[in-house]
Amino acid sequence: MDVKSSFLNGDIEEEVYVEQPPGFVHEKFPNYVYKLSKALYGLKQAPRAWYEKLNGFLLSNNFSRELTYFLGLQIKQTKEGIFINQEKYTKELLKRFGMSNAKGIGTPMSSSLKLDKDEKGKTVDEKTYRGMIGSLLYLTASRPDIMFVVCLCARFQVCPKESHLIAVKRILRYLI
């Protein structure tokens, strides 16, 4: 199943009307609107249509109704609701960046830390720093508690310094 085309072409049940886009206005009927039969990218009904199409595909191909791991997310369905976490991804992330055995910490960022360009600081490897930031950004899907500090550190991807790397490693220690 092609997820991209499923998201772009999911069937929608609601009646949704859109105005004629510039450059495609009908000469005889310029005030008419279009009634959509498929979910368009950017339409707020598109994710639900995508989920319904994906769910139908999985069920029709004898996949278990109990989805436990999907796109790096661990999913647990109970009577109380659906719970999502990324524990396995977090452990792999810590292992990849050599932080598995580091000592855990209680907060993702020190309240006294003020990150800036740090032009006099020692430059660190951009590729590694960007890899850490990208991995942490993906993790924010299930960890909103690190969103602010990860986005703060993401500002320094162009020329990261040692002080920025220390801040990112503190976030990783917080995840332990």
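Which pattern does the chain follow, read along the sequence? The order of elements is α-β-β-α-β-β-β-α-α-α-α. The chain thus described holds six helices and five strands. The model is predicted. Its pLDDT averages 81 over the chain, and 81% of the residues score at least 70. Confidence varies between the elements. Helix α1, residues 3–8, has the lowest value, a mean of 58. Helix α6 has the highest, at 93.

Burial and contact range were computed for the chain. Of its 176 residues, 30% are buried. Contacts between residues at least 6 apart in sequence were also examined. Of these, 67% join residues at least 24 apart.

Among the strands, β4 and β5 form a pair. Strand β4 covers residues 73–78 and strand β5 covers residues 81–85. Their pairing is antiparallel and runs over five bridges. Gln74 faces Asn85 of β5 across this pairing. A hairpin of two residues connects β4 to β5.

The helices bring the account to the nonpolar core. In soluble globular proteins, nonpolar side chains tend to be buried together. The largest nonpolar core of this model has 26 residues. Leu136, Ile146, Cys153, Leu172 and Leu175 touch the most other members. Four helices each supply at least two residues of this core: α3 (87–96), α4 (126–139), α5 (147–154) and α6 (162–175). The most comes from α6, which gives seven residues.

Helix α6 was examined further. Its 14 residues should span 20 Å at 1.5 Å a residue. The C-alpha atoms at its ends are 20 Å apart, so the expected and modelled spans agree. The buried residues of α6 are His164, Leu165, Ala167, Val168, Ile171, Leu172, Tyr174 and Leu175. These buried residues pack against α3, α4 and α5. Leu175 has contacts of its own beyond its neighbours within four places in sequence. They are with Thr90, Leu93, Leu136, Leu139, Arg143 and Ile146.

Helix α4 contains Met132. Met132 counts as buried because its relative accessibility is 3%, under the 20% limit. Residues up to four places away in sequence aside, Met132 touches Phe97, Leu165, Val168, Lys169 and Leu172. Met132 and Leu93 are 39 residues apart along the chain. Their C-alpha atoms are separated by 8.4 Å.

Aromatic rings add another link between helices. The count of aromatic pairs comes to two. One of them is formed by Tyr89 and Tyr138. A pair of aromatic rings is described by the distance of the centres and the angle of the planes. For Tyr89 and Tyr138 the centres are 5.2 Å apart and the planes meet at 65 degrees, an edge-to-face pair. Tyr89 belongs to α3 and Tyr138 to α4, so the pair ties together parts that are 49 residues apart in sequence. The two residues can also be described by burial. Tyr89 has a relative accessible area of 14% and is buried. Tyr138, at 34%, is partly exposed.

Three loop residues complete the description. Asp118 is in the loop between α3 and α4. Most residues other than glycine have a negative phi, and most peptide bonds are trans. Asp118 has a positive phi of about 50 degrees, although it is not a glycine. With a relative accessibility of 24%, Asp118 is partly exposed.

Thr140 sits in the loop between α4 and α5. Its relative accessible area is 10%, so Thr140 is buried. Apart from residues up to four places away in sequence, Thr140 touches Ile146 and Met147.

Val158 lies in the loop between α5 and α6. Val158 is exposed because its relative accessibility of 62% is over 50%. With neighbours within four places in sequence set aside, Val158 is in contact with Glu126 and Arg130. Val158 and Tyr129 are 29 residues apart in sequence. In space they are 9.6 Å apart, C-alpha to C-alpha.

Definitions and conventions: Residues are numbered from 1 along each chain as its sequence is written. This is a predicted model: local features need pLDDT of at least 70, side-chain atom pairs count only at pLDDT 80 or more; totals for chains, interfaces and linings use all residues. Side-chain values use heavy atoms; hydrogens and water are left out. A nonpolar core is a set of buried Ala, Val, Leu, Ile, Met, Phe, Trp, Tyr and Cys residues joined through side-chain atoms within 4.5 Å. Buried means under 20% relative accessible area, exposed over 50%, partly exposed in between (1.4 Å probe, protein chains only). Contact means heavy atoms within 4.5 Å. The expected span of a helix is 1.5 Å times one less than its number of residues. pLDDT is the predictor's confidence in each residue, from 0 to 100. Two strands pair if DSSP finds at least two bridges between them. Rings of Phe, Tyr and Trp (its six-membered ring) pair if their centres lie within 6.5 Å; planes under 30 degrees apart count as stacked, over 60 as edge-to-face and the rest as tilted.
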